[in-house]
Amino acid sequence: MNCFELEHIDYGYDRQPVLRDISLALGAGRILGLFGHNGAGKTTTIKLILGLMAPDRGRLAVLGGQPGAPDVARRIGYLPENVMFYPQLTGRETLAHFARLKDAPRRQVPELLEQVGLAEASGRRVRTYSKGMKQRLGLAQALLGSPELLMLDEPTTGLDPVATADLYRLLRRLRDSGTGIVLCSHVLPGVEPYIDEAAILAGGRLVARGNLASLRRQAGLPVRLKAQAPGADELLQRLNGNVPRLDTVTRDSNTIELDVRPGDKMTAIRSLMNSAELDDLQIQQPTLEDLYCHFTGVAGGGC
Ligand SMILES: Nc1ncnc2c1ncn2[C@@H]1O[C@H](COP(=O)(O)OP(=O)(O)OP(=O)(O)O)[C@@H](O)[C@H]1O
């Protein structure tokens, strides 16, 4: 069973279209990165999955049922973009309050506070928490009830690099235990190793979706090769004889740096490896940021 299935969804606020013809599904035990500029419709997509509003057109199934139905809603964890708490409650009291609302086991309260690194601060009032601590408390709240589908809207906001890495490791563990996760963000650096697939929204449409390998195939962006050799000139000449289309070349006396088309990559690598002088070779595939810029650019947005 998929965590959710959206088929040809349209949605607009006050008849202003925001989402158009969105089809997207998430399987159990997968992490989907949902990306788009500010206002692209990421939060709106999440709210439709939560059942907070109904699509104008299209079919939407969540955890095999109707979005918003009580037996579906209690199996979903959600971290909103701007998480709000009662400032006078402690972290522990806050989580206990949400556990009651969600009908989640009380024993999860200390376990989750420990898991998000707030065990020591759990007796402090939330008004004394930093932004990152509030964000972690929000994450603990989303994890109450061991959700089958976890949706996180900009979860790294306010987190320092160590806390961000901790969050991604935690998400990986949850994914490995079968949770489907949507990671919604306009912050791309660092997220690439942790997602199984990406969906890119631009202009209200889903302009790309798939795993990174398939997005790279679809985009056909050049692969960058960086080679170091004492006779870089000679290396370049040999390469020019073997690789039909080099897009760009920059070099100094010991380095050549060039972009080759994906189909020419292996020919270029073999040619470089055949050189006895080659000291070092680095291969840089297009990054998630490159792919994002490509697909939003094609849709008329750009980076
Ligand atoms: N309650 C609302 N009433 C009217 N328009 C809205 C409402 N909520 C969102 N919008 C509009 O819908 C569009 C999509 O907003 P949404 O919040 O889904 O984008 P987002 O991709 O999550 O953006 P961000 O990265 O800034 O959070 C925007 O143009 C926004 O102004």
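Which residue, with a positive phi, follows α4? Select Gly 117, which comes after α4 and has a phi near 80 degrees. Helices here are DSSP runs of H or I with at least four residues, numbered from the N terminus.

This is a predicted model, in which local features need pLDDT of at least 70, side-chain atom pairs count only at pLDDT 80 or more, and totals for chains, interfaces and linings use all residues. Residues are numbered from 1 along each chain as its sequence is written.

Next, select helix α4, residues 108–115, where Val 109, Leu 112 and Leu 113 are buried (20 or more other C-beta atoms, placed from the backbone, lie within 10 Å of the residue's own). Viewed down the axis of α4, the buried residues fall within an arc of 105 degrees, so they line one face of the helix; the arc is that of the directions from the helix axis to the C-beta atoms. An α-helix has 3.6 residues a turn, so residues three or four places apart point the same way.

Add α3 (91–102) and α5 (131–143) to the selection: the buried residues of α4 pack against both helices, with contact meaning C-beta atoms, placed from the backbone, within 7 Å.

Proceed to the largest nonpolar core, a set of buried Ala, Val, Leu, Ile, Met, Phe, Trp, Tyr and Cys residues joined through C-beta atoms within 7 Å. This core has 66 residues, and Ala 140 and Ile 200 are among those with the most contacts inside it. Helix α5 gives the most to this core, with six residues.

Finally, select Ile 200, whose contacts include Phe 35, Val 207 and Phe 295, not counting residues up to four places away in sequence.

Notes:
A residue is buried if 20 or more other C-beta atoms lie within 10 Å of its own, exposed if 12 or fewer, and partly exposed in between; C-beta atoms are placed from the backbone. Helices (H or I, at least four residues) and strands (E, at least two) are DSSP runs, numbered from the N terminus. Two residues are in contact if their C-beta atoms, placed from the backbone, lie within 7 Å.
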